[in-house]
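The following exercises are to be worked with the sequence and the coordinates at hand. Each task is followed by a solution in steps.

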Amino acid sequence: MVDLPDASRRRLVAGLSGIVLVAGSAGAALAAKKEPKAPPPPPEKKVGAIEELMRQHGVLRRVLLVYRQSAAQLRGGGKLDPKLLRQAAQLFRDFGENFHERMLEQAYVFPTLRKAESPAAALDNTLVTQHDRGREITEYIRTVTGKGTTGDAEVMARALESYVVMYANHAAREDTIVFPAWREALADKQLREMGETFEDIRNRQFGKDGFEAAVKTVAAVEEALGYADLAQFTAPTPPRG
Ligand SMILES: [Fe+2]
Ligand SMILES: [Fe+2]
């Protein structure tokens, strides 16, 4: 063994630990290099303009089912928490009447149909009249329930049912006549741009998860009223013919 003076031994030890450190970090770098790269996040799935409009109808239909079931409960002399009915009406006002009808349909869909002289434009006047009538019914529900009551059971039940029947017909025409005609009137690129425009408006209005939030709101009302379990609506076996 070579007998080194103290200073030389210290230099040698320091040098060796340096080599170990360098080798260690080089090894770590190598190991890091070998790690499989995380796959890039999948591109965000875009919701097209037509799907956007139709899934909004889905939320509104769920509110209307709450109305229909609430009307039956009122007619049957059952109790109904006015706060829940008010929440449902507020969702219809914000998501349906202000956003879906005024900011999308009346601002983009109907004007395009008129400009393109589409036969579907013949429905526009009636559709807008129905949007306005819907607002009046919503106002009535909000005013009565704002007083902490559901008011006269028969009058409220009739108001709720009238909205249900009107909007079921209204949305079914839009889904099958108006939206397909609008799609026809637009070029592919314009339709894609409309999808982005609708998304921007929704984000501005309700934040990034506006659709999910609307679904959550209606689901919470359904839950509180005992309508959350879908299975309860499975029809009974029909009588043998
Ligand atoms: Fe509409
Ligand atoms: Fe609509």
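**Exercise 1.** Is Glu117 buried or exposed, judged by the other C-beta atoms within 10 Å?

*Solution.* The structure is a predicted model.
Step 1. Locate the residue: Glu117 belongs to the loop that joins helix 3 to helix 4 (124-146).
Step 2. Count the neighbours: 8 other C-beta atoms lie within 10 Å of Glu117. A residue with 12 or fewer counts as exposed, and Glu117 is therefore exposed.
Step 3. Inspect the backbone: Glu117 is a residue other than glycine, yet its phi is positive, near 55°.

**Exercise 2.** Describe the overall architecture of the protein chain, beginning with its helices and strands.

*Solution.*
Step 1. The protein chain contains seven helices and zero strands. Read from the N terminus, the order of elements is α-α-α-α-α-α-α.
Step 2. Of the 241 residues in the protein chain, 23% are buried.
Step 3. Consider contacts between residues at least 6 apart in sequence: 81% of them join residues at least 24 apart.

**Exercise 3.** Determine how helix 3 and helix 7 are arranged, and which residues in the two helices meet.

*Solution.*
Step 1. Two packed helices are described by the angle between their axes and the distance between the axes. For helix 3 (residues 82-115) and helix 7 (residues 210-225), the axes come within 10 Å and the crossing angle is roughly 160°.
Step 2. Angles over 145 degrees count as roughly antiparallel; helix 3 is therefore roughly antiparallel to helix 7. The crossing of this pair, helix 3 and helix 7, is left-handed.
Step 3. On the side of helix 3, the residues are Leu84, Gln87, Ala88, Leu91 and Phe95; they meet Ala214, Thr217, Val218, Val221, Ala224 and Leu225 in helix 7.
Step 4. Sorted by class, the contact of helix 3 with helix 7 comprises nine nonpolar, two polar and no charged residues.

**Exercise 4.** Carry out the analysis for helix 2 and helix 7: at roughly what angle do their axes cross?

*Solution.*
Step 1. Helix 2 (residues 49-75) has an axis that comes within 10 Å of that of helix 7, and the two cross at roughly 15°.
Step 2. Angles under 35 degrees count as roughly parallel, and helix 2 and helix 7 are therefore roughly parallel to each other. Their crossing is left-handed.
Step 3. Arg55, Val59, Arg62, Val63 and Val66 of helix 2 meet Phe211, Ala214, Val215, Val218, Val221, Glu222 and Leu225 of helix 7.
Step 4. The contact of helix 2 with helix 7 divides into nine nonpolar, no polar and three charged residues.
Step 5. As for its length, helix 2 has 27 residues and spans 39 Å from first C-alpha to last, close to the expected 39 Å. Gly77, just after helix 2, has a positive phi of about 80°.

**Exercise 5.** Which residues does Arg86 touch, leaving aside those up to four places away in sequence?

*Solution.*
Step 1. Arg86 is part of helix 3. With 19 other C-beta atoms within 10 Å, Arg86 is partly exposed.
Step 2. The residues that Arg86 touches are Arg142, Thr145 and Gly146.
Step 3. Arg86 and Thr149 are 63 residues apart in sequence, and their C-alpha atoms are 9.9 Å apart.

**Exercise 6.** How many residues along the chain separate Arg158 from Ala71, and what is the C-alpha separation?

*Solution.*
Step 1. Arg158 lies in helix 5 (residues 153-185) and is partly exposed, with 14 other C-beta atoms within 10 Å.
Step 2. Arg158 and Ala71 are 87 residues apart along the chain, and 7.3 Å separates their C-alpha atoms.

Notes
Residues numbered from 1 in each chain as written. Chains lettered and ligands numbered in written order. Predicted model: local features only at pLDDT ≥ 70, side-chain atom pairs only at ≥ 80, totals over all residues. Axes fitted to C-alpha atoms, helices over the stretch in contact; angles between N-to-C directions. Helix = DSSP H or I, 4+ residues; strand = E, 2+ residues; numbered from the N terminus. Parallel < 35°, antiparallel > 145°, perpendicular 65-115°, else oblique. Left-handed = near helix turned anticlockwise from the far one by under 90°. Contact = placed C-beta atoms within 7 Å. Nonpolar A, V, L, I, M, F, W, Y, C, P; charged D, E, K, R; others polar. Buried ≥ 20, exposed ≤ 12 C-beta atoms within 10 Å, placed from the backbone. Expected span 1.5 Å × (residues − 1).
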